[in-house]
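Got your viewer open? Here's a short walk through some selections worth making, one stop at a time.

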Amino acid sequence: MFQKILIANRGEIALSIIRVCKEMGIKTVAVYSTADRDSLHVRFADEAVCIGPPSSSLSYLSIPSIIAAAEVTNSNAIHPGYGFLSENEKFASICEEYGIKFIGPSATVISKMGDKSTAKESMRRAGVPTVPGSDGLLESVEAGIHLANEIGFPVLLKATAGGGGKGIKLVYTPDEFQQKWTEARKEALAFFGNDGLYLEKYIEEPRHIEIQIVADQYGKVIHLSERDCSIQRRHQKLVEEAPSPFMTDELRQKMAEEAIKGVTFIGYEGVGTMEFLVDKHRNFYFMEMNTRIQVEYPATEAVTGFNLLRTQIEIAAGRPLNLPSVYPQGHAIEVRINAEDPFNNFRPSPGKITHLHLPGGRGVTIASHIYAGYMVPSNYDAMIAKLIVRAGTRVGAIARMKRALEEFIVEGIQTTIPFHLALMDNEQFQQGNFTTQFLETFDFSQLKYPE
Ligand code: MV4
(Lines give C-alpha, C1' and ligand atoms only; values in the text may rest on other atoms or scores of the structure.)
Protein backbone atom coordinates (compact mmCIF):
# COMPACT_ATOMS: atom_id res chain seq x y z
CA MET A 1 0.00 0.00 0.00
CA PHE A 2 1.09 3.61 -0.57
CA GLN A 3 2.84 5.30 2.36
CA LYS A 4 1.90 8.80 1.31
CA ILE A 5 -0.65 10.26 -1.11
CA LEU A 6 -0.68 13.80 -2.43
CA ILE A 7 -4.17 15.13 -3.08
CA ALA A 8 -4.17 17.35 -6.17
CA ASN A 9 -7.49 18.99 -5.41
CA ARG A 10 -9.38 21.20 -2.96
CA GLY A 11 -12.73 21.49 -1.21
CA GLU A 12 -15.01 18.62 -0.36
CA ILE A 13 -13.24 15.95 -2.40
CA ALA A 14 -9.79 16.76 -1.00
CA LEU A 15 -11.24 16.46 2.49
CA SER A 16 -13.06 13.20 1.69
CA ILE A 17 -9.85 11.67 0.28
CA ILE A 18 -7.88 12.76 3.37
CA ARG A 19 -10.53 11.16 5.61
CA VAL A 20 -10.33 7.80 3.83
CA CYS A 21 -6.50 7.89 3.78
CA LYS A 22 -6.45 8.43 7.55
CA GLU A 23 -8.67 5.40 8.02
CA MET A 24 -6.30 3.38 5.83
CA GLY A 25 -3.17 4.52 7.70
CA ILE A 26 -1.84 6.45 4.69
CA LYS A 27 -0.08 9.80 5.17
CA THR A 28 -1.53 12.72 3.21
CA VAL A 29 -0.17 15.83 1.53
CA ALA A 30 -2.51 18.70 0.73
CA VAL A 31 -1.71 21.26 -1.94
CA TYR A 32 -3.38 24.65 -1.86
CA SER A 33 -3.57 28.02 -3.52
CA THR A 34 -3.23 31.19 -1.46
CA ALA A 35 -7.05 31.57 -1.64
CA ASP A 36 -7.38 28.25 0.22
CA ARG A 37 -4.85 28.71 3.02
CA ASP A 38 -7.61 28.56 5.67
CA SER A 39 -9.24 25.47 4.17
CA LEU A 40 -9.95 22.26 6.05
CA HIS A 41 -8.03 20.09 3.58
CA VAL A 42 -4.92 22.08 4.50
CA ARG A 43 -5.62 21.73 8.20
CA PHE A 44 -6.43 18.03 8.24
CA ALA A 45 -3.68 16.72 5.94
CA ASP A 46 -0.40 15.59 7.50
CA GLU A 47 1.52 18.05 5.33
CA ALA A 48 0.51 20.96 3.12
CA VAL A 49 2.30 22.68 0.26
CA CYS A 50 1.29 26.03 -1.20
CA ILE A 51 1.35 25.67 -4.99
CA GLY A 52 0.45 29.14 -6.20
CA PRO A 53 -1.96 32.05 -6.43
CA PRO A 54 -5.79 31.77 -6.50
CA SER A 55 -6.10 31.33 -10.28
CA SER A 56 -6.61 27.60 -11.01
CA SER A 57 -4.32 27.68 -14.01
CA LEU A 58 -1.46 28.80 -11.75
CA SER A 59 -2.20 26.39 -8.88
CA TYR A 60 -4.52 23.36 -9.06
CA LEU A 61 -3.92 23.05 -12.81
CA SER A 62 -0.18 23.70 -12.65
CA ILE A 63 1.46 20.35 -13.41
CA PRO A 64 5.03 21.48 -12.55
CA SER A 65 3.96 22.88 -9.17
CA ILE A 66 2.08 19.72 -8.24
CA ILE A 67 4.84 17.36 -9.38
CA ALA A 68 7.36 19.46 -7.43
CA ALA A 69 5.16 19.23 -4.33
CA ALA A 70 4.96 15.44 -4.74
CA GLU A 71 8.75 15.21 -5.17
CA VAL A 72 9.70 17.33 -2.13
CA THR A 73 7.25 15.43 0.12
CA ASN A 74 8.23 11.97 -1.20
CA SER A 75 4.65 11.13 -2.12
CA ASN A 76 4.16 7.70 -3.75
CA ALA A 77 0.87 8.51 -5.41
CA ILE A 78 -1.35 11.40 -6.48
CA HIS A 79 -5.12 11.39 -6.13
CA PRO A 80 -6.56 13.88 -8.63
CA GLY A 81 -10.16 13.91 -7.28
CA TYR A 82 -12.63 15.27 -9.86
CA GLY A 83 -12.28 18.28 -12.15
CA PHE A 84 -8.87 19.99 -12.42
CA LEU A 85 -6.27 17.43 -13.64
CA SER A 86 -8.37 14.31 -13.03
CA GLU A 87 -8.81 13.52 -16.74
CA ASN A 88 -5.65 15.15 -18.04
CA GLU A 89 -3.66 12.56 -20.01
CA LYS A 90 -0.53 14.71 -19.96
CA PHE A 91 -0.60 14.88 -16.17
CA ALA A 92 -1.17 11.12 -15.89
CA SER A 93 1.76 10.44 -18.22
CA ILE A 94 4.10 12.83 -16.36
CA CYS A 95 3.18 11.07 -13.10
CA GLU A 96 4.08 7.77 -14.81
CA GLU A 97 7.43 9.27 -15.90
CA TYR A 98 8.24 10.41 -12.37
CA GLY A 99 7.32 7.03 -10.86
CA ILE A 100 4.38 8.53 -9.00
CA LYS A 101 1.22 6.43 -9.23
CA PHE A 102 -1.63 8.45 -10.74
CA ILE A 103 -4.75 7.14 -8.99
CA GLY A 104 -6.81 6.43 -12.07
CA PRO A 105 -6.41 4.70 -15.43
CA SER A 106 -3.34 4.99 -17.68
CA ALA A 107 -2.68 8.10 -19.79
CA THR A 108 -3.48 6.03 -22.90
CA VAL A 109 -6.92 5.02 -21.65
CA ILE A 110 -7.67 8.60 -20.50
CA SER A 111 -6.82 9.96 -23.95
CA LYS A 112 -8.92 7.32 -25.73
CA MET A 113 -11.98 8.09 -23.63
CA GLY A 114 -11.33 11.85 -23.57
CA ASP A 115 -11.79 12.06 -27.31
CA LYS A 116 -15.57 11.49 -27.55
CA SER A 117 -15.63 10.30 -31.13
CA THR A 118 -12.82 7.78 -30.46
CA ALA A 119 -14.56 6.65 -27.27
CA LYS A 120 -17.81 6.08 -29.14
CA GLU A 121 -15.99 4.20 -31.90
CA SER A 122 -14.29 1.93 -29.31
CA MET A 123 -17.63 1.20 -27.67
CA ARG A 124 -19.28 0.46 -31.01
CA ARG A 125 -16.49 -2.01 -31.77
CA ALA A 126 -16.97 -3.57 -28.34
CA GLY A 127 -20.62 -4.14 -29.23
CA VAL A 128 -22.05 -1.56 -26.81
CA PRO A 129 -25.15 0.26 -28.16
CA THR A 130 -24.33 3.75 -29.46
CA VAL A 131 -26.49 6.48 -31.02
CA PRO A 132 -26.76 6.14 -34.84
CA GLY A 133 -24.47 8.66 -36.52
CA SER A 134 -21.09 9.20 -38.15
CA ASP A 135 -18.33 6.58 -37.89
CA GLY A 136 -15.73 8.77 -36.28
CA LEU A 137 -15.28 12.41 -37.29
CA LEU A 138 -17.35 14.09 -39.97
CA GLU A 139 -15.23 14.92 -43.02
CA SER A 140 -17.39 17.61 -44.66
CA VAL A 141 -20.71 19.46 -44.65
CA GLU A 142 -21.80 17.44 -47.71
CA ALA A 143 -21.06 14.13 -45.99
CA GLY A 144 -22.90 15.41 -42.91
CA ILE A 145 -26.05 16.40 -44.81
CA HIS A 146 -26.02 13.10 -46.68
CA LEU A 147 -25.76 11.12 -43.45
CA ALA A 148 -28.37 13.27 -41.69
CA ASN A 149 -30.84 12.67 -44.54
CA GLU A 150 -30.21 8.95 -44.14
CA ILE A 151 -30.72 8.73 -40.38
CA GLY A 152 -33.32 11.53 -40.27
CA PHE A 153 -33.34 15.06 -38.87
CA PRO A 154 -32.97 16.46 -36.27
CA VAL A 155 -29.32 15.60 -35.67
CA LEU A 156 -26.69 16.84 -33.24
CA LEU A 157 -23.24 18.05 -34.17
CA LYS A 158 -20.91 17.32 -31.26
CA ALA A 159 -17.36 18.43 -30.59
CA THR A 160 -15.14 15.37 -30.16
CA ALA A 161 -13.17 17.22 -27.47
CA GLY A 162 -16.45 18.38 -25.94
CA GLY A 163 -17.65 18.69 -22.40
CA GLY A 164 -20.14 20.79 -20.47
CA GLY A 165 -22.42 21.11 -23.49
CA LYS A 166 -19.94 23.31 -25.37
CA GLY A 167 -19.62 22.81 -29.10
CA ILE A 168 -22.97 21.01 -29.45
CA LYS A 169 -25.46 22.16 -32.08
CA LEU A 170 -28.93 20.86 -32.87
CA VAL A 171 -29.67 20.81 -36.60
CA TYR A 172 -33.29 20.56 -37.76
CA THR A 173 -33.00 20.91 -41.55
CA PRO A 174 -30.42 20.49 -44.36
CA ASP A 175 -30.70 24.28 -44.95
CA GLU A 176 -29.21 25.19 -41.60
CA PHE A 177 -26.54 22.47 -41.62
CA GLN A 178 -23.72 24.62 -43.01
CA GLN A 179 -24.32 27.41 -40.49
CA LYS A 180 -24.51 25.09 -37.47
CA TRP A 181 -21.42 23.26 -38.66
CA THR A 182 -19.47 26.53 -38.79
CA GLU A 183 -20.75 27.60 -35.37
CA ALA A 184 -19.93 24.27 -33.74
CA ARG A 185 -16.43 24.17 -35.21
CA LYS A 186 -15.70 27.72 -34.10
CA GLU A 187 -16.95 27.05 -30.57
CA ALA A 188 -15.05 23.76 -30.35
CA LEU A 189 -11.82 25.41 -31.48
CA ALA A 190 -12.24 28.30 -29.02
CA PHE A 191 -13.02 26.06 -26.02
CA PHE A 192 -10.94 22.97 -26.69
CA GLY A 193 -8.42 23.89 -29.39
CA ASN A 194 -9.81 21.01 -31.46
CA ASP A 195 -12.54 21.54 -34.06
CA GLY A 196 -13.27 17.87 -34.81
CA LEU A 197 -17.02 17.16 -34.96
CA TYR A 198 -19.11 14.02 -35.10
CA LEU A 199 -22.78 13.60 -35.85
CA GLU A 200 -25.58 11.79 -34.03
CA LYS A 201 -29.29 11.30 -34.31
CA TYR A 202 -31.01 13.55 -31.77
CA ILE A 203 -32.63 11.57 -28.98
CA GLU A 204 -35.61 13.57 -27.73
CA GLU A 205 -36.13 14.12 -24.01
CA PRO A 206 -33.69 11.43 -22.86
CA ARG A 207 -32.79 10.49 -19.34
CA HIS A 208 -29.15 10.61 -18.28
CA ILE A 209 -28.43 7.34 -16.51
CA GLU A 210 -24.90 6.26 -15.68
CA ILE A 211 -23.44 2.95 -14.52
CA GLN A 212 -20.71 2.98 -11.87
CA ILE A 213 -18.02 0.47 -12.63
CA VAL A 214 -14.94 -0.72 -10.74
CA ALA A 215 -12.10 -2.55 -12.50
CA ASP A 216 -8.91 -3.91 -10.98
CA GLN A 217 -5.49 -4.25 -12.65
CA TYR A 218 -6.10 -7.92 -13.47
CA GLY A 219 -9.16 -7.61 -15.70
CA LYS A 220 -11.86 -8.14 -13.08
CA VAL A 221 -14.76 -5.70 -13.62
CA ILE A 222 -17.88 -5.20 -11.53
CA HIS A 223 -20.73 -2.69 -11.58
CA LEU A 224 -22.43 -0.90 -8.70
CA SER A 225 -25.70 -0.19 -10.52
CA GLU A 226 -26.84 3.19 -11.77
CA ARG A 227 -27.37 6.82 -10.89
CA ASP A 228 -29.96 9.03 -12.52
CA CYS A 229 -28.48 12.47 -13.23
CA SER A 230 -31.24 13.86 -15.43
CA ILE A 231 -31.87 16.92 -13.22
CA GLN A 232 -29.37 19.33 -14.74
CA ARG A 233 -29.30 23.04 -15.48
CA ARG A 234 -27.15 24.17 -18.41
CA HIS A 235 -25.24 20.89 -18.28
CA GLN A 236 -24.54 21.27 -14.55
CA LYS A 237 -25.91 18.41 -12.50
CA LEU A 238 -27.92 19.54 -9.49
CA VAL A 239 -29.43 16.29 -8.22
CA GLU A 240 -28.40 12.66 -8.54
CA GLU A 241 -30.22 9.61 -7.30
CA ALA A 242 -29.71 5.90 -6.98
CA PRO A 243 -31.47 3.84 -8.15
CA SER A 244 -33.09 5.63 -11.10
CA PRO A 245 -36.88 5.90 -10.69
CA PHE A 246 -37.10 4.93 -14.39
CA MET A 247 -35.11 1.71 -13.93
CA THR A 248 -36.43 -1.82 -14.21
CA ASP A 249 -34.54 -4.95 -13.16
CA GLU A 250 -34.33 -5.99 -16.79
CA LEU A 251 -32.97 -2.64 -18.00
CA ARG A 252 -30.43 -2.49 -15.19
CA GLN A 253 -29.14 -5.93 -16.01
CA LYS A 254 -28.81 -5.04 -19.70
CA MET A 255 -27.15 -1.65 -19.11
CA ALA A 256 -24.73 -3.04 -16.52
CA GLU A 257 -23.80 -5.90 -18.84
CA GLU A 258 -23.02 -3.46 -21.69
CA ALA A 259 -21.08 -1.16 -19.35
CA ILE A 260 -18.92 -4.07 -18.17
CA LYS A 261 -18.46 -5.25 -21.76
CA GLY A 262 -17.23 -1.78 -22.77
CA VAL A 263 -14.72 -1.24 -19.99
CA THR A 264 -13.43 -4.80 -20.30
CA PHE A 265 -12.83 -4.20 -24.03
CA ILE A 266 -10.59 -1.17 -23.39
CA GLY A 267 -8.69 -2.78 -20.51
CA TYR A 268 -9.87 -0.19 -18.03
CA GLU A 269 -8.43 0.13 -14.53
CA GLY A 270 -9.92 1.99 -11.58
CA VAL A 271 -13.35 3.42 -10.86
CA GLY A 272 -15.22 4.83 -13.83
CA THR A 273 -18.62 5.74 -15.12
CA MET A 274 -20.36 4.75 -18.32
CA GLU A 275 -22.88 7.46 -19.21
CA PHE A 276 -25.93 6.51 -21.23
CA LEU A 277 -28.83 8.32 -22.82
CA VAL A 278 -32.08 6.42 -22.25
CA ASP A 279 -35.11 7.20 -24.41
CA LYS A 280 -38.77 6.88 -23.44
CA HIS A 281 -38.92 3.33 -24.83
CA ARG A 282 -35.98 2.40 -22.57
CA ASN A 283 -33.58 2.09 -25.49
CA PHE A 284 -30.18 3.08 -24.20
CA TYR A 285 -27.07 4.39 -25.91
CA PHE A 286 -23.50 4.91 -24.72
CA MET A 287 -22.74 8.64 -24.54
CA GLU A 288 -19.41 9.17 -22.76
CA MET A 289 -17.15 7.57 -20.22
CA ASN A 290 -15.81 9.41 -17.17
CA THR A 291 -12.42 8.09 -16.13
CA ARG A 292 -12.45 9.67 -12.66
CA ILE A 293 -14.29 9.47 -9.36
CA GLN A 294 -17.39 11.62 -9.84
CA VAL A 295 -19.04 14.20 -7.62
CA GLU A 296 -22.08 11.92 -7.20
CA TYR A 297 -20.22 8.81 -5.99
CA PRO A 298 -21.76 9.03 -2.46
CA ALA A 299 -25.24 8.25 -3.85
CA THR A 300 -23.87 4.89 -4.99
CA GLU A 301 -22.06 4.34 -1.70
CA ALA A 302 -25.33 4.99 0.14
CA VAL A 303 -27.30 2.26 -1.66
CA THR A 304 -24.52 -0.31 -2.07
CA GLY A 305 -22.53 0.05 1.17
CA PHE A 306 -19.43 0.07 -1.04
CA ASN A 307 -16.51 2.37 -0.08
CA LEU A 308 -15.63 3.73 -3.50
CA LEU A 309 -12.76 6.05 -2.55
CA ARG A 310 -11.10 3.35 -0.49
CA THR A 311 -11.47 0.79 -3.27
CA GLN A 312 -10.10 3.27 -5.80
CA ILE A 313 -6.91 3.62 -3.73
CA GLU A 314 -6.62 -0.14 -3.14
CA ILE A 315 -6.94 -0.89 -6.85
CA ALA A 316 -4.31 1.74 -7.72
CA ALA A 317 -1.98 0.00 -5.26
CA GLY A 318 -2.51 -3.27 -7.14
CA ARG A 319 -4.92 -5.03 -4.84
CA PRO A 320 -7.23 -7.50 -6.63
CA LEU A 321 -10.97 -6.90 -6.48
CA ASN A 322 -12.76 -9.78 -4.82
CA LEU A 323 -16.26 -8.41 -4.52
CA PRO A 324 -19.28 -9.16 -6.72
CA SER A 325 -21.42 -6.56 -8.53
CA VAL A 326 -23.96 -4.90 -6.24
CA TYR A 327 -27.64 -4.10 -6.72
CA PRO A 328 -29.07 -1.13 -4.81
CA GLN A 329 -30.82 -1.43 -1.50
CA GLY A 330 -33.16 1.38 -0.55
CA HIS A 331 -32.95 4.78 -2.18
CA ALA A 332 -30.45 7.64 -2.06
CA ILE A 333 -30.68 11.24 -3.26
CA GLU A 334 -27.77 13.65 -3.44
CA VAL A 335 -28.23 17.39 -3.95
CA ARG A 336 -25.49 19.86 -4.73
CA ILE A 337 -25.48 22.89 -2.46
CA ASN A 338 -23.83 25.62 -4.53
CA ALA A 339 -22.90 29.16 -3.57
CA GLU A 340 -25.26 30.44 -6.25
CA ASP A 341 -28.41 32.56 -6.12
CA PRO A 342 -31.36 30.53 -7.44
CA PHE A 343 -33.54 33.68 -7.30
CA ASN A 344 -31.19 35.37 -9.78
CA ASN A 345 -30.45 32.85 -12.49
CA PHE A 346 -28.01 30.92 -10.29
CA ARG A 347 -25.45 33.69 -10.40
CA PRO A 348 -22.36 32.99 -8.26
CA SER A 349 -22.64 34.08 -4.63
CA PRO A 350 -19.18 33.92 -3.08
CA GLY A 351 -18.39 35.51 0.28
CA LYS A 352 -18.19 34.79 3.97
CA ILE A 353 -20.46 32.24 5.62
CA THR A 354 -21.52 34.13 8.74
CA HIS A 355 -23.74 31.45 10.32
CA LEU A 356 -23.97 27.76 9.60
CA HIS A 357 -26.03 24.85 10.78
CA LEU A 358 -25.58 21.47 9.12
CA PRO A 359 -28.41 18.92 9.08
CA GLY A 360 -27.97 15.53 10.69
CA GLY A 361 -29.94 12.58 11.99
CA ARG A 362 -30.75 9.19 10.56
CA GLY A 363 -29.82 8.58 6.93
CA VAL A 364 -28.25 12.02 6.40
CA THR A 365 -24.68 12.57 5.20
CA ILE A 366 -22.89 15.85 4.56
CA ALA A 367 -19.78 15.94 2.38
CA SER A 368 -18.41 19.43 2.78
CA HIS A 369 -15.43 21.57 3.66
CA ILE A 370 -17.37 24.61 4.87
CA TYR A 371 -17.57 26.00 8.40
CA ALA A 372 -18.93 29.12 10.11
CA GLY A 373 -16.58 31.97 9.18
CA TYR A 374 -15.41 30.25 5.97
CA MET A 375 -14.86 32.53 3.01
CA VAL A 376 -16.19 30.98 -0.22
CA PRO A 377 -13.65 32.04 -2.86
CA SER A 378 -14.85 33.26 -6.25
CA ASN A 379 -12.07 31.49 -8.13
CA TYR A 380 -13.45 27.95 -8.17
CA ASP A 381 -16.49 25.78 -8.70
CA ALA A 382 -19.52 27.01 -6.72
CA MET A 383 -20.25 23.69 -4.98
CA ILE A 384 -19.85 24.09 -1.20
CA ALA A 385 -21.55 20.91 0.01
CA LYS A 386 -23.19 17.68 -1.03
CA LEU A 387 -26.18 16.58 1.00
CA ILE A 388 -26.94 12.89 0.68
CA VAL A 389 -29.92 11.12 2.19
CA ARG A 390 -30.79 7.47 2.23
CA ALA A 391 -34.09 5.80 3.10
CA GLY A 392 -35.86 2.52 2.43
CA THR A 393 -37.96 3.97 -0.39
CA ARG A 394 -37.86 6.91 -2.80
CA VAL A 395 -40.85 8.49 -1.02
CA GLY A 396 -38.97 8.17 2.27
CA ALA A 397 -35.82 9.64 0.75
CA ILE A 398 -37.70 12.69 -0.58
CA ALA A 399 -39.29 13.29 2.85
CA ARG A 400 -35.90 12.94 4.50
CA MET A 401 -34.24 15.29 2.00
CA LYS A 402 -36.94 17.89 2.60
CA ARG A 403 -36.46 17.62 6.34
CA ALA A 404 -32.66 17.86 6.04
CA LEU A 405 -32.87 20.88 3.70
CA GLU A 406 -35.15 22.63 6.19
CA GLU A 407 -32.52 22.13 8.91
CA PHE A 408 -29.71 23.39 6.69
CA ILE A 409 -28.93 27.02 7.55
CA VAL A 410 -26.31 28.98 5.61
CA GLU A 411 -26.14 32.73 6.19
CA GLY A 412 -23.99 35.35 4.50
CA ILE A 413 -24.27 33.92 0.98
CA GLN A 414 -27.06 32.60 -1.27
CA THR A 415 -27.26 28.87 -1.94
CA THR A 416 -29.23 26.39 -4.04
CA ILE A 417 -31.11 25.14 -0.94
CA PRO A 418 -34.36 26.99 -1.85
CA PHE A 419 -34.30 25.37 -5.30
CA HIS A 420 -33.88 21.89 -3.84
CA LEU A 421 -36.74 22.49 -1.40
CA ALA A 422 -39.03 23.49 -4.29
CA LEU A 423 -37.90 20.46 -6.29
CA MET A 424 -38.73 18.05 -3.44
CA ASP A 425 -42.28 19.54 -3.48
CA ASN A 426 -42.64 19.21 -7.25
CA GLU A 427 -45.24 16.64 -8.23
CA GLN A 428 -43.50 15.57 -11.44
CA PHE A 429 -40.26 15.03 -9.55
CA GLN A 430 -42.11 13.09 -6.86
CA GLN A 431 -43.56 10.84 -9.57
CA GLY A 432 -40.10 10.24 -11.01
CA ASN A 433 -41.38 11.81 -14.20
CA PHE A 434 -38.44 13.84 -15.51
CA THR A 435 -35.91 14.01 -18.34
CA THR A 436 -32.78 16.08 -19.03
CA GLN A 437 -35.15 18.86 -20.22
CA PHE A 438 -37.01 19.02 -16.88
CA LEU A 439 -35.50 22.28 -15.63
CA GLU A 440 -36.13 24.06 -18.94
CA THR A 441 -39.80 24.34 -17.96
CA PHE A 442 -39.40 24.44 -14.18
CA ASP A 443 -41.11 27.40 -12.51
CA PHE A 444 -38.29 29.04 -10.54
CA SER A 445 -40.62 31.85 -9.37
CA GLN A 446 -42.18 29.52 -6.78
CA LEU A 447 -38.96 29.36 -4.75
CA LYS A 448 -39.30 30.62 -1.18
CA TYR A 449 -36.64 32.68 0.57
CA PRO A 450 -35.23 31.05 3.70
CA GLU A 451 -36.88 32.31 6.92
C1 MV4 B 1 -27.40 14.06 -26.74
C2 MV4 B 1 -28.75 14.39 -26.48
C3 MV4 B 1 -29.70 13.85 -27.32
N4 MV4 B 1 -29.32 13.06 -28.35
N5 MV4 B 1 -27.08 13.25 -27.76
C6 MV4 B 1 -25.46 17.22 -23.79
C7 MV4 B 1 -24.08 17.33 -23.23
C8 MV4 B 1 -23.34 16.14 -23.70
N9 MV4 B 1 -22.64 15.53 -22.62
C10 MV4 B 1 -24.34 15.26 -24.34
N11 MV4 B 1 -25.59 15.93 -24.35
C12 MV4 B 1 -26.66 15.43 -24.99
N13 MV4 B 1 -26.40 14.56 -25.99
C14 MV4 B 1 -28.04 12.78 -28.55
N15 MV4 B 1 -27.68 12.01 -29.58
C16 MV4 B 1 -29.03 15.24 -25.40
C17 MV4 B 1 -27.99 15.77 -24.66
C18 MV4 B 1 -28.36 16.63 -23.56
C19 MV4 B 1 -28.14 16.22 -22.24
C20 MV4 B 1 -27.55 15.00 -21.93
C21 MV4 B 1 -27.34 14.63 -20.63
C22 MV4 B 1 -27.74 15.47 -19.61
C23 MV4 B 1 -28.33 16.69 -19.88
C24 MV4 B 1 -28.53 17.09 -21.18
C25 MV4 B 1 -29.14 18.30 -21.46
C26 MV4 B 1 -29.33 18.69 -22.75
C27 MV4 B 1 -28.93 17.85 -23.80
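Before you click on anything: exposed here means over 50% relative accessible area, and buried means under 20%. Keep in mind too that this is a predicted model.

**Stop 1: helix α6.** Select residues 116-126, then pick out Glu121 and Arg125, which sit four residues apart in this helix, about one turn. The two form a salt bridge, with their closest N and O atoms 4.0 Å apart. Which end is buried and which is exposed? Arg125 has 59% relative accessibility, so it counts as exposed, whereas Glu121, at 15%, counts as buried.

Stay with helix α6 and add Arg124, plus Asp135 from the loop between α6 and α7 (141-151); that pair links distant parts of the chain, eleven residues apart. Asp135 and Arg124 also make a salt bridge, and here the closest N and O atoms are 3.9 Å apart. Asp135 is exposed at 56% relative accessibility, while Arg124 is partly exposed at 40%.

**Stop 2: strands β9 and β10.** Now show residues 207-215 (β9) and 221-228 (β10), and highlight Glu210 in the former and Arg227 in the latter, 17 residues apart. Their side chains meet in a salt bridge at 2.9 Å, N to O. Both residues are buried. Next, extend the selection to Lys237, Glu240, Glu275, Glu296 and Arg336: together with Glu210 and Arg227, they are linked in a network of salt bridges. If you want to list every salt bridge in the model, the count to arrive at is 27.

**Stop 3: Ile63.** Head over to helix α3, residues 63-72, and select Ile63. At 10% relative accessibility, Ile63 is buried. What does Ile63 touch, leaving aside its neighbours within four places in sequence? Show Leu85, Asn88, Lys90, Phe91 and Ile94, and you have the answer. For a distance label, join the C-alpha atoms of Ile63 and Lys90: they are 8.9 Å apart, with these positions 27 residues apart along the chain.

**Stop 4: the second largest pocket.** To find its centre, select Leu421, Lys448, Tyr449, Pro450 and Glu451, the nearest to it of the 22 lining residues. The space in this pocket is about 650 Å³. Colour α12 (394-407), β24 (409-411) and α13 (417-424), since each supplies at least two residues of the lining. Which element gives the largest share? That's α13, with four residues. Recolour the lining by class and you'll get twelve nonpolar, four polar and six charged residues.

Notes:
Residues are numbered from 1 along each chain as its sequence is written. This is a predicted model: local features need pLDDT of at least 70, side-chain atom pairs count only at pLDDT 80 or more; totals for chains, interfaces and linings use all residues. Side-chain values use heavy atoms; hydrogens and water are left out. Buried means under 20% relative accessible area, exposed over 50%, partly exposed in between (1.4 Å probe, protein chains only). Contact means heavy atoms within 4.5 Å. On a 1 Å grid over the protein atoms alone, a cavity is a set of points where a 1.4 Å probe fits but cannot get out, and a pocket is an open set with protein on both sides within 12 Å along at least five of seven lines; lining residues have an atom within 4 Å of a point. Grid points are joined across faces, edges and corners, and a volume is the space filled by probe spheres set on the points. Ala, Val, Leu, Ile, Met, Phe, Trp, Tyr, Cys and Pro count as nonpolar, Asp, Glu, Lys and Arg as charged, and the others, Gly among them, as polar.
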